Amino acid sequence: MPPLPFATEIYFKKGSLNERKWNERQALLGGATPEEVSAEASEEVPNETTDEKDIFSSEYSANSRITEADLKKDYKSLERSLENHLYLIVKTKNPKGESVWEFPSGSLKEGENLYQSSRRELDERLGTNLDYWQVGISPIGHFVNQAKTVFFMKTILLGGQVEPASPEITDFAWLNLYELENYLTPEYYENAKEILSL
């Protein structure tokens, strides 16, 4: 019984890059079947015998979880504290004119929902060089801080770096949950810690 034809539609979505690569490869091979390609490949590769003990006896050493940024205490770098989640905080002035550290925040404009407001504020304050994903349209928590309600919107950084675009932001840092305590006010930290632990 002759072998059945290779059903590319099972493996490659019609019009996809993988389908195009497959078709190009088939054209280069002159329409050879997968079995013929496999047979040709095994003929081309010399049969090297390797002792199984040699493969598994090689030394394994894990890479260090301490990076150069950790050693330099570079809190602006994302290449640090690899075993923990990093959270972005910014240094701004409070209504009394004092410098305080807090999570990026802003005011809700008329007609905006929390999702739209948080996206606008991130772009306006932190620059457009950040590629991020907001996990949902609802906040993951909130608390009242100095007569204003602070809502937390879970956002995951996909790439880029902070380039403060607002004169209100004088500094920023990427910190793990344990380091936040040294920067945030005690009340702010206690409320935020409960939300971030979710």
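**Helix H8 and two positive phi angles**

Let's start on the outward side of helix H8: Pro-186 and Glu-194 are exposed there. Keep in mind that this is a predicted model.

Now turn the helix over. H8 covers residues 186-196. Which of its residues are buried? Tyr-188, Tyr-189, Ala-192, Ile-195 and Leu-196 are. Around the helix axis, these buried residues span an arc of only 130 degrees, so they sit on the same side of H8. The general rule helps here. An α-helix has 3.6 residues a turn, so residues three or four places apart point the same way.

What covers that buried set? Four strands are included: E1 (87-93), E2 (99-102), E4 (141-145) and E5 (148-152). Helix H7, residues 177-180, is also among the covering elements. So one side of H8 holds the buried residues, and Pro-186 and Glu-194 are exposed on the other.

Next, the backbone. Two residues to look at, both in the loop between helix H5 and strand E1.

Take Lys-73. Its phi is near 55 degrees, a positive value, and Lys-73 is not a glycine. Helix H5 is residues 68-72, and Lys-73 is in the loop that runs from there to E1. Is Lys-73 buried or exposed? Exposed: the relative accessible area is 57%.

Then Ser-81. Again no glycine, and again a positive phi, about 45 degrees. Ser-81 also belongs to the H5 to E1 loop. Buried or exposed, for Ser-81? Buried, with a relative accessible area of 4%.

To recap the loop: Lys-73 is exposed, whereas Ser-81 is buried.

Definitions and conventions. Residues numbered from 1 in each chain as written. Predicted model: local features only at pLDDT ≥ 70, side-chain atom pairs only at ≥ 80, totals over all residues. Heavy atoms only, no water. Buried < 20%, exposed > 50% of the residue type's maximum accessible area, 1.4 Å probe, protein only. Arc of directions from axis to C-beta. Contact = heavy atoms within 4.5 Å.
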